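Shall we take a friendly walk through this structure, one question at a time? Have a look at it first, and then we can begin.

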Amino acid sequence: MSSSVLIASNRGPVSFTLSEDGGLTMRRGGGGLVSGLSDVVRDTDVLWVCAALSDGDRGAVRQAPGGRLDRAFETGPIRMLDIPPAVFHRAYNAVANSTLWFVNHLLYNTPFSPEFGTRFAREWESYRTYNGAFALALAEEATHRARVMVQDYHLTLTPAMLRVERPDLRIGHFSHTPWAPPEYFALLPEDVAAEVLSGILGADHAGFLTARWARAFMDCCAALLGARVDHAARTVTWGGRTTRIGVHPLGVDGDALRARAAEPDVESHMAAIRDHVGDRRLIVRIDRTELSKNIVRGLRAYQEFLEGHPEWHGRVVHLAFAYPSRHDLPEYREYTAAVQRCAKEIEDEYATEDWDPLILNVNDDYPRSLAAYRLADVLLVNPVRDGMNLVAKEGPILSPRCALVLSREAGAAAELGADSLLVNPFDVTATAAALHEALTLPEEERLDRGLRLREAATALPPRRWFDDQIAALR
């Protein structure tokens, strides 16, 4: 039952819900990372190790010997770890999402946070325990010299822990987030910062979405660990080992996305949107209500655009799909409320009997999002910081004439910036001006830019992205 290729991630390719009668219902796991990897590893002999996230997941694990769910899932065999809920909560919410995510996205309001005291020490110990559970499971499941791909900021300690258990393995780690520069990463307690960096350096290969994030990681290793860094060769040597640093800018499978967007449920949503907005131009955004996505400033920019360009009143609609995210954290609940307040201000100020200037929807609906992509004249992607942002890549694939207004702080800007309208995500007035420029781009220029955006967006689809990293571990 041992495996030669393993993936480890917090969220798995399937999830389970518990019904009132105690039965279990399985569905495909959510999240962009899971969606991308699920399609890649289908029909391959890859074991996926993940955490049980819900009571339904834990119920499924307890019915399976050793947590191995080896039924005929599309994604192949799965081992799901039943980590104690309190340990999981502290590791996932308090450390991964409220500390490491905040550091690497530069999200802290530093006069008030972070604050690292005895409570954080307990939370960090849970994060260690959580990472250790993954390391032990991977060590048990891997064949001799197997290749292991550890995913993201939830599992930064796992590579070094696994190295201790199984020095024969070829271990990779991939960061789907940005990486903070040394002066910001140093907000973490010194021992914690060192443990995160040395944890990833337990891997043979550490991958990042852009050269910018890879360079920031290497700079942190040099400044905070005293590691020997070779930027030209992209290597970091520390503790008697050398880790190769890779840059793998994840793209989109254009054919698969277009096929899904042609399905009847998407066509139905397109008809409904057209019925509602008529022949008005459409500015579209599709995001989670995540602090880094910068939705409030995007809405403020649209508000300034309407204020400065009354000639567009009644002629444009902003479709803002802002889907719930991490509502167990108070900061995220407050942010969602701020998004809704801002949207109401715009509606109160500009709506008329026959014109809704803004349609905000907070209910997740993937087919409706695909419909919005296909109808978009302008796509607004303005995160304060983002590892990549696949929305910026998906939109141009589905709408050949869509103009892209893109934050310079999105990882996607490295590939798409030349054919986008790049903006400083903190400059609301400049973003408003970019929205106007995007709406008024000549048609020929829109189509030329769109063609180049599509080529860039599909240059490294998930299959090649995965294969390149597996090859790096040979």
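Q: Leaving aside neighbours within four places in sequence, which residues is Ser407 in contact with?
A: Keep in mind that this is a predicted model. Ser407 belongs to strand 17, which covers residues 403-407. With sequence neighbours within four places left aside, its contacts are Val381, Asn382, Pro383, Ala413, Leu422, Val423 and Pro425.

Q: Is Ser407 buried or exposed?
A: Buried is the word for residues under 20% relative accessible area. Ser407 has a relative accessibility of 0%, so it counts as buried.

Q: Which residue has its backbone nitrogen 2.9 Å from a polar atom of the side chain of Ser407?
A: A polar contact calls for N or O atoms within 3.5 Å. Here the side chain of Ser407 supplies one polar atom, and the backbone nitrogen at 2.9 Å from that atom is the one of Glu409.

Q: Which strands stand at the edges of the open sheet?
A: The sheet has 10 strands with mixed pairing, in the order 5-6-4-1-7-8-9-12-11-10. An edge strand has a single partner, so one of its sides is left without a neighbour in the sheet. That describes strand 5 (68-69) and strand 10 (228-230).

Q: Which residue of strand 12 stands opposite Gly207?
A: Strand 9 (residues 205-208) and strand 12 (residues 241-247) run parallel and are joined by four bridges. Opposite Gly207, the residue in strand 12 is Gly246.

Q: At about what angle to strand 8 does helix 5 run?
A: Helix 5 (residues 158-165) lies across three strands: strand 7 (142-151), strand 8 (170-175) and strand 12. Relative to strand 8, helix 5 runs at about 175°.

Q: How do helix 9 and helix 14 cross: right-handed or left-handed?
A: Helix 9 (residues 254-261) packs against helix 14 (residues 391-398) at about 65°, with axes 10 Å apart. That makes the two helices roughly perpendicular. Gly254, Leu257, Arg258 and Ala261 of helix 9 meet Glu394, Ile397 and Leu398 of helix 14. The crossing of helix 9 and helix 14 is right-handed.

Q: Why is helix 13 largely enclosed by the rest of the structure, and how many of its 10 residues are buried?
A: Helix 13 spans residues 366-375. Its buried residues are Pro367, Arg368, Ser369, Leu370, Ala371, Ala372, Tyr373 and Leu375. Helix 13 is largely enclosed because the number of its 10 residues that are buried is eight.

Q: Which residue caps the N-terminal end of helix 13?
A: Look at the backbone nitrogen of Arg368, which has a side-chain oxygen 3.1 Å away. The residue that offers this oxygen and caps the helix is Asp365.

Key: Residues are numbered from 1 along each chain as its sequence is written. This is a predicted model: local features need pLDDT of at least 70, side-chain atom pairs count only at pLDDT 80 or more; totals for chains, interfaces and linings use all residues. Side-chain values use heavy atoms; hydrogens and water are left out. Buried means under 20% relative accessible area, exposed over 50%, partly exposed in between (1.4 Å probe, protein chains only). A polar contact is a pair of N or O atoms within 3.5 Å; within protein, one must be able to donate a hydrogen and the other to accept it, and residues adjacent in sequence count only if both atoms are side-chain atoms. Contact means heavy atoms within 4.5 Å. Two strands pair if DSSP finds at least two bridges between them. Axes are lines fitted to C-alpha atoms, for helices over the stretch in contact, and angles run from 0 to 180 degrees between N-to-C directions. Angles under 35 degrees count as roughly parallel, over 145 as roughly antiparallel, 65 to 115 as roughly perpendicular and the rest as oblique. A crossing is left-handed if the near helix is turned anticlockwise from the far one by less than a right angle, and right-handed if clockwise.
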